[in-house]
Amino acid sequence: MALNLSQKQEVVAELAEVAAKAHSLVAAEYAGTTVSQMTAMRKKARESGVFLKVVKNTLAARAVAGTEFEVVADALTGPLLYAFSTEEPGAAGRLIKEFAKTNDKLKPKVVSIEGKVFGATHVDVLASLPTREEALAMLARVLVEPITMFARAVNAVAEKQGGGEVAAEAPAEA
């Protein structure tokens, strides 16, 4: 169905708003994908914070102009599905990679993050980025490790000097 000028402007405005806030973009060829596969992918995208849209490449190029994703404008050829990660950078990569495993018709074509454009193979790198919760857990482990090491050192010195037995007996007598 052809869009009139006002509908095209709405699509471009919506896509531009998402692109301005997105962390990463994955464009994938989807020709041959069934309706049920696309529906499942859209459902998973909503759950994982990915904005998924099939739009003409000329409209997509206009929408990303002025954003960090304008570097992909030259690579936008053929029927493409656009996946913008809105919550965490690796979400779109994980989504496309997951669905490409079961659907040989879905092929990543372009990846863009932080104003740089990468080839299709970079989807694996993007998909391997930790989620927000995983990153926070890693940070917590890094912050706790020096305290843990200090506590072990103090405990080892106390045991070597025989202070460990005295400390254990004192609460028992009281």
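Colleague: Where is the place of Asn57 in this predicted model?

Modeller: The place of Asn57 is in helix α3. In this predicted model, the helix spans residues 57-64.

Colleague: How should one read its accessibility: is Asn57 buried or exposed?

Modeller: The reading rests on a cut-off, since buried means under 20% relative accessible area. Asn57 has a relative accessible area of 16% and is therefore buried.

Colleague: Which polar atoms does the side chain of Asn57 meet, beginning with the backbone oxygen?

Modeller: A polar atom of the Asn57 side chain lies 2.7 Å from the backbone oxygen of Gly78. In addition, the side chain of Asn57 makes a polar contact with the side chain of Tyr82, at 2.5 Å.

Colleague: Which residues is Asn57 in contact with, leaving aside its neighbours within four places in sequence?

Modeller: With those neighbours set aside, Asn57 is in contact with Leu76, Thr77, Gly78, Leu80 and Tyr82. Two of these names, Gly78 and Tyr82, have already appeared in the polar pairs.

Colleague: Thr77 is in that list. Where is the place of Thr77, and what does the residue touch?

Modeller: Thr77 sits in the loop between α3 and β3, the strand of residues 80-85. Not counting residues up to four places away in sequence, Thr77 touches Asn57 and Lys109. The side chains of Thr77 and Lys109 form a polar contact at 2.6 Å. With 44% relative accessibility, Thr77 counts as partly exposed.

Colleague: How is separation along the chain to be set beside separation in space for Thr77 and Thr58?

Modeller: Thr77 and Thr58 are 19 residues apart along the chain, while their C-alpha atoms are separated by 9.2 Å. A further pair can be read in this way: Pro79 and Val54 are 25 residues apart in sequence and 8.2 Å apart in space, C-alpha to C-alpha.

Colleague: What does Pro79 touch, and where is its place?

Modeller: Pro79 is placed in the loop between α3 and β3. Residues up to four places away in sequence not being counted, Pro79 touches Ala28, Glu29, Tyr30 and Ala31. Its relative accessibility is 44%, and Pro79 counts as partly exposed.

Colleague: Let us turn to helix packing. How are two packed helices described?

Modeller: Two packed helices are described by the angle between their axes and the distance between the axes. Here, the axes of α1 (residues 5-21) and α3 come within 8 Å and cross at roughly 50°. The two helices are therefore oblique to each other, and α1 passes α3 in a right-handed crossing.

Colleague: Which residues of α1 and α3 meet?

Modeller: From α1, the participants are Lys8, Val11, Val12, Leu15, Ala16 and Ala19, and they meet Leu59, Ala60, Arg62, Ala63 and Val64 in α3. By class, the residues of this contact divide into nine nonpolar, no polar and two charged.

Colleague: At what angle do α2 and α4 pack?

Modeller: Helix α2 (residues 35-48) packs with α4 at an angle of about 155°, and their axes are 11 Å apart. Angles over 145 degrees count as roughly antiparallel, and α2 and α4 are therefore roughly antiparallel to each other. In this pair, α2 passes α4 in a right-handed crossing. The α2 side of the contact consists of Gln37, Ala40, Met41, Lys44, Ala45 and Ser48, and the α4 side of Ala91, Leu95, Ile96, Glu98 and Phe99. The classes are seven nonpolar, two polar and two charged residues.

Colleague: Gln37 belongs to that contact. Which side chain makes a polar contact with the side chain of Gln37?

Modeller: The side chain of Asn103 does so, at 3.3 Å. Asn103 is found in the loop between α4 (91-102) and β4 (107-113), and a relative accessible area of 6% makes Asn103 buried. A polar atom of the Asn103 side chain also lies 2.9 Å from the backbone nitrogen of Lys105. Not counting residues up to four places away in sequence, Asn103 touches Thr33 and Gln37.

Colleague: What sign of phi does Glu114 have, and is Glu114 buried or exposed?

Modeller: Glu114 has a positive phi of about 50° although it is not a glycine. Glu114 is found in the loop between β4 and β5 (116-118), and Glu114 is exposed, with a relative accessible area of 61%.

Technical notes
Residues are numbered from 1 along each chain as its sequence is written. This is a predicted model: local features need pLDDT of at least 70, side-chain atom pairs count only at pLDDT 80 or more; totals for chains, interfaces and linings use all residues. Side-chain values use heavy atoms; hydrogens and water are left out. Axes are lines fitted to C-alpha atoms, for helices over the stretch in contact, and angles run from 0 to 180 degrees between N-to-C directions. Helices (H or I, at least four residues) and strands (E, at least two) are DSSP runs, numbered from the N terminus. Angles under 35 degrees count as roughly parallel, over 145 as roughly antiparallel, 65 to 115 as roughly perpendicular and the rest as oblique. A crossing is left-handed if the near helix is turned anticlockwise from the far one by less than a right angle, and right-handed if clockwise. Contact means heavy atoms within 4.5 Å. Ala, Val, Leu, Ile, Met, Phe, Trp, Tyr, Cys and Pro count as nonpolar, Asp, Glu, Lys and Arg as charged, and the others, Gly among them, as polar. Buried means under 20% relative accessible area, exposed over 50%, partly exposed in between (1.4 Å probe, protein chains only). A polar contact is a pair of N or O atoms within 3.5 Å; within protein, one must be able to donate a hydrogen and the other to accept it, and residues adjacent in sequence count only if both atoms are side-chain atoms.
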